[in-house]
Every structure is written in structure tokens, then in C-alpha cells.
Amino acid sequence: MPEVNIELIRNICNSLPSVSEDIKWGNDLCFIIAGKIFCAVSLEIPLKVSIKVTDEEFDELTGRPGIIPAPYVARHKWLLIENINLFQPGQWEYYIKQSYDLVKAKLPKKKVGELNS
């Protein structure tokens with residue numbers, strides 16, 4: 001089974017269409033679609049990852065040790081996973097793809113059309 005590390009997270013994010021990377025806030029590697037972040041990784045050790053989830057998952061997952069509402073964006077159903085080993089690689093694939101899809105769904109139709117062309 002592949003180890004959960006920054007490379008696994010990067011590979012999952014970069015496997016999705018039209019993704020770019022940027023370093024923001026000094027030390028966060030952000031994965032972006034059409035100018036909107038869908039995954040952010042704090043590059044300090046231990047690695048922490050922020051992703052967007054559904055309302056139901058937000059309520060369920062924030063009850064687990066090591067997962068908290070993400071500072072500044074919790075109201076938009078973002079989580080901060082304080083230990084990347086809480087999820088197996090397949091779970092990371094699911095949650096990152098879902099975060100991507102949730103962020104993409106909020107983009108203006110024109111932007112989505114540009115991505116698809």
C-alpha cells in the first residue's frame with residue numbers, strides 16, 4: 001500500500017483536469033482550479049491538509065480526533081486534517097476528488113466552459 005505523504009497528495013491533485021499549484025501564505029502548497037483552491041497542504045511537519053467536504057461529512061468528520069473545522073473557511077465546510085495518516089490513500093483520492101468537484105461546481109458557467117474546452 002502506498003505511503004501517505006506529500007507526493008501522494010500532489011499526485012492525486014495533479015491527476016485532476018486543469019489543476020495548477022501555487023505556494024500561498026508563505027508555506028502552504030495550494031491546488032487550484034480556475035483560481036479557486038480545492039486542497040491546501042501546510043508544508044510544515046507534521047503535514048496538515050485542508051479540503052472541502054459535504055455538509056454531512058463535515059459534521060461527521062469533525063467529531064474525529066485529529067480533524068477540525070479549518071480556520072477561516074469552516075463556514076464553507078472546509079476541514080483541516082491534522083494527521084495525514086488518518087486516511088488511507090483511497091480515502092485521500094475520494095476526498096480530494098470530491099473537494100475538487102465541490103469547488104468546480106461553484107465556478108461560474110463561463111469558467112467551467114473554458115476549462116472544458
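The lining of the largest pocket comprises 13 nonpolar, three polar and five charged residues. The model is a predicted one. The space in this pocket amounts to about 600 Å³. Of its 21 lining residues, Trp 25, Ile 37, Ser 50, Val 73 and Trp 78 are the closest to the centre. Three strands each give two or more residues to the lining: E3 (36–42), E4 (48–52) and E6 (78–81). Strand E3 gives the most, with five residues.

Strand E3 also takes part in covering helix H1. This helix runs over residues 6–14, and its buried residues are Leu 8, Ile 9, Ile 12 and Cys 13. They occupy an arc of only 130 degrees around the axis, so they fall on the same side of H1. An α-helix has 3.6 residues a turn, and residues three or four places apart therefore point the same way. The cover over the buried residues of H1 includes strand E1 (19–24), E2, E3 and H3.

Helix H3 spans residues 89–105. Its 17 residues should extend over 24 Å at 1.5 Å a residue. The end C-alpha atoms are 24 Å apart, which agrees with that expectation. The buried residues of H3 are Pro 89, Trp 92, Tyr 95, Ile 96, Gln 98, Ser 99, Tyr 100 and Val 103. Gly 90 also lies in H3. With a relative accessible area of 49%, Gly 90 is partly exposed, because the exposed class begins over 50%. From Gly 90 to Leu 102 the separation is twelve residues in sequence and 18 Å in space, C-alpha to C-alpha.

Ala 34 is placed in the loop between strand E2 (28–33) and E3. Its relative accessible area is 24%. Ala 34 is therefore partly exposed rather than buried, as burial requires a value under 20%. Leaving aside neighbours within four places in sequence, Ala 34 contacts Leu 107, Lys 111 and Leu 115. Lys 111 is 77 residues away from Ala 34 along the chain, yet the two C-alpha atoms are separated by 6.8 Å.

Key: Residues are numbered from 1 along each chain as its sequence is written. This is a predicted model: local features need pLDDT of at least 70, side-chain atom pairs count only at pLDDT 80 or more; totals for chains, interfaces and linings use all residues. Side-chain values use heavy atoms; hydrogens and water are left out. On a 1 Å grid over the protein atoms alone, a cavity is a set of points where a 1.4 Å probe fits but cannot get out, and a pocket is an open set with protein on both sides within 12 Å along at least five of seven lines; lining residues have an atom within 4 Å of a point. Grid points are joined across faces, edges and corners, and a volume is the space filled by probe spheres set on the points. Helices (H or I, at least four residues) and strands (E, at least two) are DSSP runs, numbered from the N terminus. Ala, Val, Leu, Ile, Met, Phe, Trp, Tyr, Cys and Pro count as nonpolar, Asp, Glu, Lys and Arg as charged, and the others, Gly among them, as polar. The expected span of a helix is 1.5 Å times one less than its number of residues. Buried means under 20% relative accessible area, exposed over 50%, partly exposed in between (1.4 Å probe, protein chains only). Contact means heavy atoms within 4.5 Å. The arc is that of the directions from the helix axis to the C-beta atoms.
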